[in-house]
Structures are given as C-alpha cells and as structure tokens.
Amino acid sequence: MKKKLLIGTVAFGLLLAGCGKDEAADKTVKANGSSSGVNKTQEQAEMSDEEIAKRNAKIKISIVDEVNYPHYDNIMDENSVYHAAIIKNDSKETVDVSSISIAYLDKNGTVVGSDDSSVWVSPSLLKPGQKAYVMDEAGIDVPFEEYGKTEVTISPEITEERAKNLPIEGEALSGDEDTIFLKGKVKNTSDIPTDYITVAAALYDVNDKFVGVTYGQVQDTLNPDNSKAFQTDSYNFTAHTKNDLSHYEILAYMYKWPEGTAGEDGDGEVTN
C-alpha cells in the first residue's frame, strides 16, 4: 500500500506529512531478531545439519533495488554509509532472511566497514514471491569520498515460523537535519498476544524511484484487538536524492511458530 506525502523544508532536512491510508502497515525486523535455526520441522528433525545446510543453500533471494549514501554521521561523529534495499524470495519455500551481512568497500575493493549483527529487515520471514525492506548504517574508516560499493550476503533458512501482516493507522512522516521519522499506531488483529512487531516503510520520489527505508519495532506486549504507537527512523538521506519524496509503502508484522514445532519457541513436540 502506498501513501502520499506532503513535503516542506525544515532546517537542512524535510518535514514530511503522511496523507491518507489505504491498507495495513508492516514494520521491519532486525536482522538478528528471530530464533533462526532453533526450531525444526519434522522433516528437518530427520535431516542432518549438512543436509539442512545444502537445502538452505539452494534458496534464491534477489535484491530488487538498493541505494547507498556515504555521508558524515553527525550523531556518531564518524564517516558512514547508509544502505537500504528491497529483497525478494525467489524460491518456493517460506524462509527466514534475518541472517544478513554487509561489507562496505572502498574504490580499491578493500573492506572499510561491515555489519552482520544490526542489519534491519522486515518482514524477516518471506513467503514465495514476497518482498522485504532492508536497512543498515555502518561506520567506515576512510573519508566517505573514498567509499566504492556495498556487498550484501543473505543466508536464508527454510522455516515453519510465519509472519502476519498487521494494520497501521494515523501515521505521519517527518524529518529533521539528521533523521527521518515515521510515527503511527499498529493493531494486533490476531487471536494471541505478541511482544514483537516489526515495522518498515519503503520511500519513493516523485518518479516512483526507490530512495530509502525507515524501520522500527514494537517490543511491548500487545494483546488481541489492541493498538500501540510505534516510531520508525532512518538517516535523513534527502540531500542525496534528485527529486522530492512523494510516497511510501509501509508494512507491519508479528511472528508465530505453529503448534507441533520443536524448540524454545514451539510446543516441544514435532507432529505431522
């Protein structure tokens, strides 16, 4: 679902107001946010670790679009690169894509920064053909003018865990000199409580070009039929874009292991 933005200049950044709401919203998950590899299906329980690894290695995840913005980070007082991407599950399996590592290279191909523990992705579980939004920012140990490119490695795992899309309302996008914010409310429309929701939005310019991602989480208990406020944020990359921001697509998800799944999040029994 895409939302139109009302745009005005504030300090060196933009003040963006989200107008209208058509459908549900979904919030991005942190890359290490799920218990990947802990829970096993009955089929996986009967396979060796090597067989499981070979099966997972056949899963194909494509990068549909991505942007990279080298800049000086005023908050962290360091040179940095902001990375955002849209990825897609090209396989026929539901997979956990929370294991993502990123290497930032200079123009000579030397690694000058990396991240594998705080890459944000939402949803972190993808059905066949489904897309997710990825966001990261990491410091680099060279002047940002010497940054060359970003290499992303995704290690998907087949899983029985599932993500449920949740509706969002009352959202508004705004920004200051350093940060883009998106605030709103997400509602638990399931029949069980949840204490982990991810929210992410893909942002587009007036020509429908992808220009970035903003991400957030809700980690407080949210009971069925209740709503809770959320906030996403990202580096204010608008100085790097040629055109004004025009609209965004926002999604929010909760996560659940089905009954009959062994492991710390399942019910301890593997069943058919």
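**Entry 1: the three-stranded sheet**

I started at I100, which stands opposite I154 in β13. This is a predicted model, so I read everything below as computed. I100 belongs to strand β8, residues 100-106, and seven bridges join β8 to β13. The two strands run antiparallel.

Next I looked up the sheet they sit in. I found an open sheet of three strands in the order β9-β8-β13, paired antiparallel. β9 (111-115) and β13 (147-154) are the edge strands; each has a single partner, so one side of each has no neighbour in the sheet. I also noted the twist, which averages 20° from one strand to the next. As a reminder to myself, strands of a sheet pair through backbone hydrogen bonds, either parallel or antiparallel.

**Entry 2: the largest pocket**

I moved on to open space and asked myself how much of it lies in the largest pocket. I got about 650 Å³. The lining has 31 residues, and H71, D73, E137, D178 and Y235 are the closest to the pocket's centre.

Which strand gives the most to that lining? I found that β12 does, with five residues. Strands that each supply at least two lining residues are β5 (61-73), β6 (78-89), β12 (131-139), β18 (210-218) and β19 (227-235). I sorted the lining by type and got 11 nonpolar, 12 polar and eight charged residues.

**Entry 3: aromatic pairs**

I then went through the rings and counted seven aromatic pairs in the structure. I picked out Y82 with Y235: their centres are 5.8 Å apart and the planes make 50°, a tilted pair. Y82 lies in strand β6 and Y235 in strand β19, so I have a link between distant parts of the chain, 153 residues apart.

I checked whether these two are buried or exposed. Y82 has 1% relative accessibility and counts as buried. Y235 is at 14%, under the 20% cut-off, so I put Y235 down as buried too.

The second pair I wrote down is W120 with Y215, whose ring centres are 4.4 Å apart. Their planes meet at 40°, so this pair is tilted as well. W120 is in strand β10 (residues 120-122) and Y215 in strand β18, so the pair ties together parts 95 residues apart in sequence. Y215 is buried, at a relative accessible area of 4%.

Back at Y82 and Y235, I followed the ring pairs outward and found that they link Y69, Y82, Y235 and F237 into a cluster. Y235 thus turns up twice in my notes: in this cluster, and among the residues closest to the centre of the largest pocket.

**Entry 4: the cavity**

How many cavities of 30 Å³ or more does the structure hold? I found one. About 30 Å³ of space lies in the largest cavity. T94, L125, L126, K127, Q130 and A163 line the largest cavity. By type I have three nonpolar, two polar and one charged residue in that lining.

**Entry 5: a loop residue**

Last stop was K242, in the loop between β19 and β20 (245-256). Is K242 buried or exposed? Exposed, at a relative accessible area of 82%. I also looked up the spacing to V211: K242 and V211 are 31 residues apart in sequence, and their C-alpha atoms are 9.8 Å apart in space.

Key
Residues numbered from 1 in each chain as written. Predicted model: local features only at pLDDT ≥ 70, side-chain atom pairs only at ≥ 80, totals over all residues. Heavy atoms only, no water. 1 Å grid on protein atoms, 1.4 Å probe; cavity = no way out; pocket = protein on both sides within 12 Å on 5 of 7 lines; lining within 4 Å. Points joined across faces, edges and corners; volume = space filled by probe spheres on them. Helix = DSSP H or I, 4+ residues; strand = E, 2+ residues; numbered from the N terminus. Nonpolar A, V, L, I, M, F, W, Y, C, P; charged D, E, K, R; others polar. Pairing = 2+ DSSP bridges. Axes fitted to C-alpha atoms, helices over the stretch in contact; angles between N-to-C directions. Phe/Tyr/Trp six-rings, centres within 6.5 Å; stacked < 30°, edge-to-face > 60°. Buried < 20%, exposed > 50% of the residue type's maximum accessible area, 1.4 Å probe, protein only.
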